[in-house]
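Could you walk me through this model in the viewer, one selection at a time? I would like to know what to click on next and what I will find there.

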Amino acid sequence: QVQLVESGGGLVQAGGSLRLSCAASGRTHSNYAMGWFRQGQGKEREFVAAINWSSGSTWYTDSVKGRFTISRDDAKNTVYLQMNSLKPEDTAVYYCAARAGGLKVVPRYYDYWGQGTQVTVSS
């Protein structure tokens, strides 16, 4: 099956940037979608961004539009989340997820999940 491993999290000051990576291994195919979700302390897991692997089409939650960019590298089987102009409210554990078919914004539609990487934005 598919294994997902996130990296790139850390501590950054407000206004700074981080780039998260999600490397996929195992059985994958061209019709998958991959997404990023986050869960803040005491909060529900929420959608951040997603990409359709073959077409490159993307979707973002309103709170990150213009600040975050999702992209993929087919040769490396890796998805990235470039996060700029970070705010304290972006602080959360960020999870990478994958599913067969087109991108969705609801977590339950995703089949595979990484272990998460902590992003902390200080004020």
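Select Ser85 to begin, in the loop between E8 and E9. Keep in mind as you go that this is a predicted model. Look at the backbone here: Ser85 has a positive phi of about 50°, although it is not a glycine. Most residues other than glycine have a negative phi. Is Ser85 buried or exposed, or does it fall in between? Its relative accessibility is 41%, so Ser85 counts as partly exposed.

Now go back along the chain to Asn77, in the loop between E7 and E8. Asn77 also has a positive phi, near 50°, and it too is a residue other than glycine.

**The open sheet**

From that loop, highlight the strands on either side of it. E7 and strand E8 (residues 78-83) pair in the antiparallel sense over 6 bridges. To see one of these bridges up close, pick Arg72, whose bridge partner in E8 is Val79.

Next, widen the selection to the whole sheet. It is an open sheet of 4 strands in the order E1-E3-E8-E7, with antiparallel pairing. Which strands stand at the edges? They are strand E1 (3-7) and strand E7 (68-73); each has a single partner strand, so one side of each is left without a neighbour in the sheet. Looking across the sheet, you will find that the twist averages 15° from one strand to the next. As a reminder while you look, strands of a sheet pair through backbone hydrogen bonds.

**The nonpolar cores**

Turn on side chains and look for the largest nonpolar core, which has 29 residues. Good ones to click are Leu4, Met34, Trp36, Leu81, Met83 and Tyr94, the residues with the most contacts inside this core. Colouring by strand helps here: strand E3 (18-25), E4, strand E5 (46-52), E7, E8, strand E9 (92-100) and strand E11 (117-122) each supply at least two residues of the core.

Stay on Tyr94 for a moment and show its surroundings. Among the residues that Tyr94 touches are Glu6, Leu20, Trp36, Phe37, Arg38, Leu81 and Val119. Apart from the largest core lies another, of 7 residues, including Ala33, Phe47, Leu103 and Tyr110.

**Arg38 and its partners**

Follow the contact from Tyr94 to Arg38, which sits in strand E4 (residues 32-39). Is this arginine, Arg38, buried or exposed? Its relative accessible area is 5%, so Arg38 is buried.

What does the side chain of Arg38 meet there? One polar contact, at 2.7 Å, is with the side chain of Glu46. Another, at 2.9 Å, is with the side chain of Tyr94. If you display everything around Arg38, you will also find it touching Val48, Ser63, Phe68 and Asp90, among others.

**The aromatic cluster**

Step one residue back to Phe37 and show the rings around it. Ring pairs link Phe37, Phe47, Tyr110 and Trp113 into a cluster. In the model as a whole, the count comes to 5 aromatic pairs.

Take Phe37 and Phe47 as one of them: the pair is edge-to-face, 5.6 Å centre to centre, with 75° between the planes. Phe37 is in strand E4 and Phe47 in strand E5, 10 residues apart. With a relative accessible area of 0%, Phe37 is buried, and Phe47 is buried as well, at 9%.

Then rotate towards Tyr110. Phe37 and Tyr110 form an edge-to-face pair, 5.1 Å centre to centre, with 75° between the planes. This pair links distant parts of the chain: Tyr110 lies in the loop between E9 and strand E10 (112-113), 73 residues from Phe37. Both Phe37 and Tyr110 are buried.

**Last stop: Asp62**

Finish by selecting Asp62, in the loop between strand E6 (58-60) and E7. Is Asp62 buried or exposed? At 61% relative accessibility, Asp62 counts as exposed. Show side chains again, and you will see a polar contact of 3.0 Å joining Asp62 and Lys65. To place Asp62 against strand E5, draw a distance to Val48: the two C-alpha atoms are separated by 8.6 Å, and the residues are 14 apart along the chain.

How values were computed
Residues are numbered from 1 along each chain as its sequence is written. This is a predicted model: local features need pLDDT of at least 70, side-chain atom pairs count only at pLDDT 80 or more; totals for chains, interfaces and linings use all residues. Side-chain values use heavy atoms; hydrogens and water are left out. Buried means under 20% relative accessible area, exposed over 50%, partly exposed in between (1.4 Å probe, protein chains only). A polar contact is a pair of N or O atoms within 3.5 Å; within protein, one must be able to donate a hydrogen and the other to accept it, and residues adjacent in sequence count only if both atoms are side-chain atoms. Contact means heavy atoms within 4.5 Å. Two strands pair if DSSP finds at least two bridges between them. Axes are lines fitted to C-alpha atoms, for helices over the stretch in contact, and angles run from 0 to 180 degrees between N-to-C directions. A nonpolar core is a set of buried Ala, Val, Leu, Ile, Met, Phe, Trp, Tyr and Cys residues joined through side-chain atoms within 4.5 Å. Rings of Phe, Tyr and Trp (its six-membered ring) pair if their centres lie within 6.5 Å; planes under 30 degrees apart count as stacked, over 60 as edge-to-face and the rest as tilted. Lists of a residue's contacts leave out its neighbours within four places in sequence.
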